[in-house]
Amino acid sequence: MLRLFYCDQHAIPLPVGHKFPMRKYAMLRELLSAAGWFRLEAAPFAARETIELAHDPAYVRGFLEGALEPRVMRRIGFPWSEELVRRTLASLGGTLAAACDALDTGFGGNLAGGTHHAFRGEGSGFCVFNDIAVAILRLRAQGRARKAAVVDLDVHQGDGTARIFQDDPDVLTLSLHGHNNFPFRKQQSRIDVDLPDGARDAEYLAALDAVLPRVAAFAPHIIFYQSGVDPLAGDKLGRLALTHAGLAERDRRVMHLARERRIPLAVTLGGGYADPISRTAQAHANTFRAAAQMFGSLS
Ligand SMILES: [Zn+2]
């Protein structure tokens with residue numbers, strides 16, 4: 001049975017009214033645990049030296065020791081705490097483990113991660129470290145995978161990932177996002193698709209279909225899928241208007257590509273801020289149902 005990694009047992013203490021939807025991670029794990037499609041395992045912690053493959057050592061040390069300047073923590077958007085450090089290391093460790101599973105079995109998944117707004121020397125937008133960037137550079141350092149593609153379908157541009165791999169010919173970054181959504185200063189991915197406010201299922205899927213062949217043509221040794229569900233209609237931090245069915249179809253198209261081309265696929269979460277948050281948790285669960293159907297025994 002395929003497995004997924006979780007880290008929601010490391011809850012971050014947040015001030016009342018904070019926008020980060022801590023609850024969705026536990027809700028998602030409950031949904032998947034009830035469904036029984038996957039074995040669920042606590043994510044291991046990532047090691048400091050591994051994180052430094054993608055991040056400035058002074059930034060890594062500053063975060064781990066709680067010594068970053070208030071301005072830097074404000075940009076991340078979380079108050080520093082020991083719990084935040086543990087959760088961050090486990091979220092990163094889950095993606096590293098999922099990447100290894102992907103190479104070993106064809107599929108790996110992390111019920112966290114996708115922290116694509118993190119740059120080499122600073123974090124932003126609820127992202128401390130860039131888990132996908134760290135995982136790509138670790139697989140490369142280990143000689144396990146040289147070429148990687150990042151398919152980032154969160155409604156927000158994967159700006160940190162784009163920047164980290166800007167001059168790296170062995171990493172194809174694809175970001176399909178809302179033009180008017182954060183970050184307002186976009187970076188340059190290898191492939192950027194800007195969607196207008198209110199874009200619905202058909203327009204979104206057509207835009208995805210137009211660029212997925214370029215991912216296949218790149219012939220990566222692994223694909224990282226940042227499966228943020230904040231393109232969902234009504235998301236508090238998104239401006240698109242997809243349905244649950246549209247998001248599930250999007251997931252299937254990415255997974256289908258990986259399966260047909262026999263490219264290992266590592267799936268991470270991403271954003272999702274619907275009200276009620278159960279709508280977001282359901283959309284994430286649908287992603288993993290699609291994975292169970294495509295790669296597991298569920299039909
Ligand atoms: Zn997002």
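1. In strand β7, F224 is the bridge partner of V150. This pairing belongs to a predicted model, in which β4 and β7 (residues 222–226) run parallel and are joined by 5 bridges.

2. Strand β4 also pairs with strand β5 (residues 171–178), in the parallel sense and over 5 bridges. Within that pairing, D152 has S175 of β5 as its bridge partner. The chain passes from β4 to β5 by way of helix α7 (residues 159–164), and the resulting β-α-β crossover is right-handed.

3. The burial of β4 deserves a separate remark. The strand spans residues 148–152, and 5 of its 5 residues are buried. In a regular strand, side chains alternate between the two faces of the sheet. Here both faces are covered: A148, V150 and D152 lie buried on one side, while A149 and V151 lie buried on the other. V150, the bridge partner of F224, and D152, the bridge partner of S175, are thus both on the side shared with A148.

4. On the cysteines, how many disulfides does the structure hold? The number is 0. C7 takes part in no disulfide, and the nearest cysteine sulfur, that of C127, is 13 Å away. A disulfide would require the two sulfur atoms to be within 2.5 Å.

5. Are C7 and C127 buried or exposed? C7 counts as buried because its relative accessibility is 1%. C127 likewise counts as buried, since its relative accessibility is 5%; the cut-off for burial is under 20%.

Technical notes: Residues numbered from 1 in each chain as written. Predicted model: local features only at pLDDT ≥ 70, side-chain atom pairs only at ≥ 80, totals over all residues. Heavy atoms only, no water. Buried < 20%, exposed > 50% of the residue type's maximum accessible area, 1.4 Å probe, protein only. Helix = DSSP H or I, 4+ residues; strand = E, 2+ residues; numbered from the N terminus. Pairing = 2+ DSSP bridges. Right-handed = clockwise from strand over helix to strand, strands pointing away.
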